[in-house]
Amino acid sequence: MEFVRECPGVPRLIFHDLQQPADSPLKRQLGLLLQRYRQLLTQLLQDAVKHGEVPANLDIAASTTMFIGIVQGLAMQSILNGPGADLSAEAARVFPLYLRSIRKTP
């Protein structure tokens, strides 16, 4: 969210290009970037399972999708709410909810 705050034009460019029906070099690069980000998140969640930080039966694919969806949703809100929107505060409120949803229950 810090990146979105510092570079507010990037989400606009990404969402604009993704709306275009034709394939483009930017769309392909974004696909590769998202694939690598998904792999990183998957590895982090697998490590969390190994260390007992999350349940062994955690749906890692769904947890990864949910995290990416949160980030994308907040990025979209930054476009809608304009440059004065405090996404850091919103992310700070949303992230603990995400963590609570994937952590082990006592």
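How many of the 106 residues of the chain count as buried? The share is 25%, where buried denotes under 20% relative accessible area, exposed over 50%, and partly exposed the range in between (1.4 Å probe, protein chains only).

The structure is a predicted model, in which local features need pLDDT of at least 70 and side-chain atom pairs count only at pLDDT 80 or more, while totals for chains, interfaces and linings use all residues. Residues are numbered from 1 along each chain as its sequence is written, and side-chain values use heavy atoms, with hydrogens and water left out.

## Confidence and overall form

The predictor's confidence in each residue is given as pLDDT, on a scale from 0 to 100. Its mean over the chain is 85, and 95% of the residues reach 70 or more. Among the elements, helix α1 (residues 2-6) has the lowest mean pLDDT, 72, and α3 has the highest, 91.

The chain contains five helices and zero strands; helices (H or I, at least four residues) and strands (E, at least two) are DSSP runs, numbered from the N terminus. Along the principal axes, the C-alpha atoms fill a box of roughly 45 × 30 × 20 Å. Contact is defined as heavy atoms within 4.5 Å. Of the contacts in the chain with a separation of 6 or more, 62% are between residues 24 or more positions apart. The chain exposes about 7,300 Å², of which carbon and sulfur atoms supply 62%; accessible areas come from the Shrake-Rupley method with a 1.4 Å probe, and for residues only the protein chains shown count as cover.

## Helices α3 and α5

Helix α3 covers residues 25-50. The expected span of a helix is 1.5 Å times one less than its number of residues. For the 26 residues of α3 this gives 38 Å, and the end C-alpha atoms are 38 Å apart, which agrees. The buried residues of α3 are K27, L30, L41, L45 and A48. These residues pack against α2 (9-18), α4 and α5 (87-102). After α3 comes G52, whose phi is positive, near 75°.

In helix α5, the 16 residues should span 22 Å, and its end C-alpha atoms are indeed 22 Å apart. Its buried residues are L87, A91, Y98 and I102, and their cover includes α1, α3 and α4. F95 also lies in α5, but this residue is partly exposed, because its relative accessibility is 38%. F95 and A22 are 73 residues apart in sequence and 34 Å apart in space, C-alpha to C-alpha.

## Two buried residues of helix α4

Helix α4 (residues 60-81) includes T64, and S63 lies in α4 as well. T64 is buried because its relative accessible area is 1%; S63 is likewise buried, at 6%. Neighbours within four places in sequence are left aside in the contacts that follow. T64 is in contact with R38, L41, T42, L45 and Y98. S63 is in contact with L45, L58, Y98 and I102.

## Charged pairs and a nonpolar patch

Side chains of opposite charge can pair when their charged atoms come close. A salt bridge is counted where a side-chain nitrogen of Lys or Arg is within 4 Å of a carboxyl oxygen of Asp or Glu. By this rule the count comes to two salt bridges, as tabulated here.

| Salt bridge | N to O distance |
|---|---|
| D23 and R28 | 2.9 Å |
| E90 and R93 | 2.8 Å |

D23 is exposed, with a relative accessible area of 52%, whereas R28 is partly exposed, at 44%. In the other pair, E90 counts as partly exposed at 23% relative accessibility, and R93 as exposed at 57%. E90 and R93 both lie in helix α5, three residues apart, about one turn of the helix. An α-helix has 3.6 residues a turn, so residues three or four places apart point the same way.

A nonpolar surface patch is formed by L34, Y37, L40 and L44, which together have about 340 Å² of accessible area. Patches are made of residues with over 30% relative accessible area and no salt bridge, like charges being joined within 9 Å and nonpolar side chains (Val, Leu, Ile, Met, Phe, Trp, Tyr) within 5 Å. One of the patch residues, L44, is found in helix α3.
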